[in-house]
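Here is a short report on one protein model. It covers a disulfide, a pocket and one residue in detail.

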Amino acid sequence: WIMGVGAIASLVGPCAWAQQSATRSIYTCVDRQGRRLTADRPIAECLDREQRELGPTGTVRRQIGPSLTEQERAALEVQRRKEAEERTRQQEERRRERVLTARYPDKAAHDVGRAAAIQLLDDVTAIAEKRMAELQQQRKALDTEMEFYQRDPAKAPMALRRKIAENEDGMAEQQRFVANQDLEKRRIHQRFDAELAQLRRLWATQMAPAAPASEVLLPAAAR
């Protein structure tokens, strides 16, 4: 029998497609994280391990790799670890930035936060200063008692001398505490100053208008 010209022409397209499909390969492997990866070309994530090239029907055509030396695999692992650490660092930084801007949406809110932190320190310092004033009054009373033993302080009762020593220790402790609070206050101001500088950049980014979609989608040659 003789096929018509139209019938022959209709078979050209499907035949060409079938021939192309018959030569098409699928590459598959399991990466270091245990994920099954599939692609139409050799998989970069599996250069350090075995890959399989499959035909369209799923039959194994060949096994590939690993194509790296031990030294190359070690270098690749180091690079991947660094990249993973950097991604984690960037994600954590983005998370901290979101938390920071949510807590301080503007400078007024940040000023309130700074004032509250400083006020807390001032309240604690005020308690210490009140205690120092009490110790000073106690010391005046103790000094009055010691006036009776000016000529020979060694004759002062042991209880009196112990009270004076305890008073001096208590005063020194409160003075150290107040000095540490002053240092902490400076650290708080430095922290809030650094936060404010970072927040100014974040606020500016949030307020920056987004580029029009048409501009983003245009290829570079068209602009």
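The structure holds one disulfide, meaning a pair of cysteine sulfur atoms within 2.5 Å. The partners are C29 and C46. They sit in distant parts of the chain, 17 residues apart: C29 in strand β1, C46 in the loop between β2 and β3 (51-54). Strands are DSSP runs (E, at least two residues), numbered from the N terminus. Both cysteines are buried, that is, under 20% relative accessible area with a 1.4 Å probe, protein chains only.

| Value for C29 and C46 | Result |
|---|---|
| S to S distance | 1.9 Å |
| Angle about the S-S bond | 75°, right-handed |

This is a predicted model, where local features need pLDDT of at least 70 and side-chain atom pairs count only at pLDDT 80 or more, while totals for chains, interfaces and linings use all residues. Residues are numbered from 1 along each chain as its sequence is written, and side-chain values use heavy atoms, without hydrogens and water.

Now to D31. D31 lies in the loop between β1 (26-30) and β2 (36-39). D31 is buried, at 4% relative accessible area. Its side chain reaches the backbone nitrogen of Q33 at 3.0 Å. Beyond its neighbours within four places in sequence, D31 is in contact (heavy atoms within 4.5 Å) with L37, E45, C46 and R49. C46 is also one of the disulfide cysteines.

D31 also helps to line the largest pocket. Other lining residues include R32, Q33, E45 and R87. Lining residues have an atom within 4 Å of a point on a 1 Å grid; a pocket is an open set of points where a 1.4 Å probe fits, with protein on both sides within 12 Å along at least five of seven lines.

Technical notes: Helices (H or I, at least four residues) and strands (E, at least two) are DSSP runs, numbered from the N terminus. Buried means under 20% relative accessible area, exposed over 50%, partly exposed in between (1.4 Å probe, protein chains only). A polar contact is a pair of N or O atoms within 3.5 Å; within protein, one must be able to donate a hydrogen and the other to accept it, and residues adjacent in sequence count only if both atoms are side-chain atoms.
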